[in-house]
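Visitor: I'm new here and would like a friendly tour. Could you put the structure up so we can talk it through?

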Amino acid sequence: IDNAKKLAESLASKGFVVLGEKHGYTKSHQVVIDVSMYGGGGTIEKELEDSNIIANRNLIPGDIKAGRHFRNPGGLRMGVQEITRLGMGSNEMEEVADILYRVIVKKEDHNATKKSVKELKNNFSGVRYAFESNRKAYEYIKIRT
C-alpha cells in the first residue's frame with residue numbers, strides 16, 4: 001500500500017490526474033489514473049505494453065457520459081504487487097512514475113523506455129516477499145505429472 005501511495009503521489013506530481021486524491025489515493029496495491037487526454041486507456045495500455053509495462057484499461061467516472069466505453073476508457077489501472085514482491089520501494093516508485101510519464105505524455109520511443117524498464121528490473125531479479133526459496137523470481141519449475 002505504501003508503494004501504491006508513493007506511485008500515486010509521484011504520478012500526481014508529474015501532472016497526472018490520479019483518482020482518489022481526496023482519500024489518500026489508494027488503500028490497496030492499485031492506482032488508477034485518468035489518461036483520457038493522452039489517447040485513452042486502451043491506447044495507453046498498448047503503448048505501455050510496447051515498453052514492457054503491464055497495466056489495464058479501466059472505466060472511470062464520467063466515461064459513459066463522455067461517450068467512452070470499455071475498449072478505450074479514460075482510465076488506466078496499475079498494480080504494484082509484483083514489483084513490490086521483487087523488492088522495489090519508494091525510490092523505485094518515482095522511477096516507475098518517470099518511465100510512465102515518458103511513455104504516456106512525452107510519447108518517447110518504446111525502445112528507449114523498454115531499455116529503462118529492463119535496467120530498473122535488472123536490479124530486482126529475486127523474490128523478496130514470498131515463501132523462502134533459493135530459486136530466481138521467474139525460474140521455470142517443471143511440475144511432475
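Visitor: Which elements each supply at least two residues of the lining of the largest pocket?

Guide: Keep in mind that we're looking at a predicted model. The largest pocket holds about 600 Å³ of space, and 24 residues line it. The elements that each give at least two residues to that lining are S4, helix H3 (81–85), H4 and H5.

Visitor: And where does the largest share of that lining come from?

Guide: By class, the lining of the largest pocket has 15 nonpolar, five polar and four charged residues. Nearest the pocket's centre you'll find Asn52, Ile53, Ile54, Ile83 and Val117. As for the largest share, that is five residues, and they come from H5.

Visitor: You mentioned Asn52. Is Asn52 buried, partly exposed or exposed?

Guide: To place it first, Asn52 lies in the loop between H2 and S3. Buried would need a relative accessible area under 20%, and exposed would need over 50%. Asn52 has 47%, so it falls in between and counts as partly exposed.

Visitor: What is the phi of Asn52, roughly?

Guide: Here's some background: most residues other than glycine have a negative phi. Asn52 is not a glycine, yet its phi is positive. The value is about 65°.

Visitor: Which residue in the loop between H4 and H5 has a positive phi although it is not a glycine?

Guide: This one has a phi of about 55°. With a relative accessible area of 40%, it is partly exposed. The residue is Lys107.

Visitor: Let's go inside. Which residues touch the most other members of the largest nonpolar core?

Guide: That core has 29 residues. The elements giving two or more residues to it are helix H1 (2–13), strand S2 (30–34), helix H2 (41–50), strand S4 (75–79), helix H4 (90–104) and helix H5 (110–122). H4 gives the largest share, seven residues. The two that touch the most other members are Leu11 and Ile33.

Visitor: What is Leu11 in contact with, leaving aside its neighbours within four places in sequence?

Guide: Leu11 is one of the two core residues that touch the most other members, and the other one, Ile33, turns up among its contacts. The full list is Phe16, Val18, Val31, Ile33, Met78, Ala97 and Leu100.

Visitor: Now the strands. What is the order of the four strands in the open sheet?

Guide: The pairing in this sheet is antiparallel. Strand S1 (17–18) and strand S3 (56–58) stand at the edges with a single partner strand each, so one side of each has no neighbour in the sheet. Written out, the order is S1-S2-S4-S3.

Visitor: How many bridges join S2 to S4?

Guide: Let's walk across the sheet from one edge. S1 and S2 pair antiparallel over two bridges, while S3 and S4 pair antiparallel over three. S2 and S4 also run antiparallel, and the number of bridges joining them is five.

Visitor: Which residue of S4 stands opposite Asp34?

Guide: Asp34 is in S2, where it is the bridge partner of Val17. S2 is mostly covered, with four of its five residues buried. Over in S4, the residue that Asp34 stands opposite is Gly75.

Visitor: What are the bridge partners in S4 of Asn56 and Asn58?

Guide: Both answers belong to the antiparallel pairing of S3 and S4. For Asn58, the partner is Gly75. For Asn56, the partner is Arg77.

Visitor: One last stop, the segment after H5. Is Phe124 buried or exposed?

Guide: Phe124 sits in that segment after H5. Leaving aside neighbours within four places in sequence, its contacts are Leu86, Gly87, Met88 and Glu92. Its relative accessible area is 9%, and since the cut-off is under 20%, Phe124 is buried.

Visitor: What distance separates the C-alpha atoms of Phe124 and Ile1?

Guide: Along the chain, Phe124 and Ile1 are 123 residues apart. In space, the separation between their C-alpha atoms is 19 Å.

Notes. Residues are numbered from 1 along each chain as its sequence is written. This is a predicted model: local features need pLDDT of at least 70, side-chain atom pairs count only at pLDDT 80 or more; totals for chains, interfaces and linings use all residues. Side-chain values use heavy atoms; hydrogens and water are left out. A nonpolar core is a set of buried Ala, Val, Leu, Ile, Met, Phe, Trp, Tyr and Cys residues joined through side-chain atoms within 4.5 Å. Buried means under 20% relative accessible area, exposed over 50%, partly exposed in between (1.4 Å probe, protein chains only). Contact means heavy atoms within 4.5 Å. On a 1 Å grid over the protein atoms alone, a cavity is a set of points where a 1.4 Å probe fits but cannot get out, and a pocket is an open set with protein on both sides within 12 Å along at least five of seven lines; lining residues have an atom within 4 Å of a point. Grid points are joined across faces, edges and corners, and a volume is the space filled by probe spheres set on the points. Ala, Val, Leu, Ile, Met, Phe, Trp, Tyr, Cys and Pro count as nonpolar, Asp, Glu, Lys and Arg as charged, and the others, Gly among them, as polar. Two strands pair if DSSP finds at least two bridges between them.
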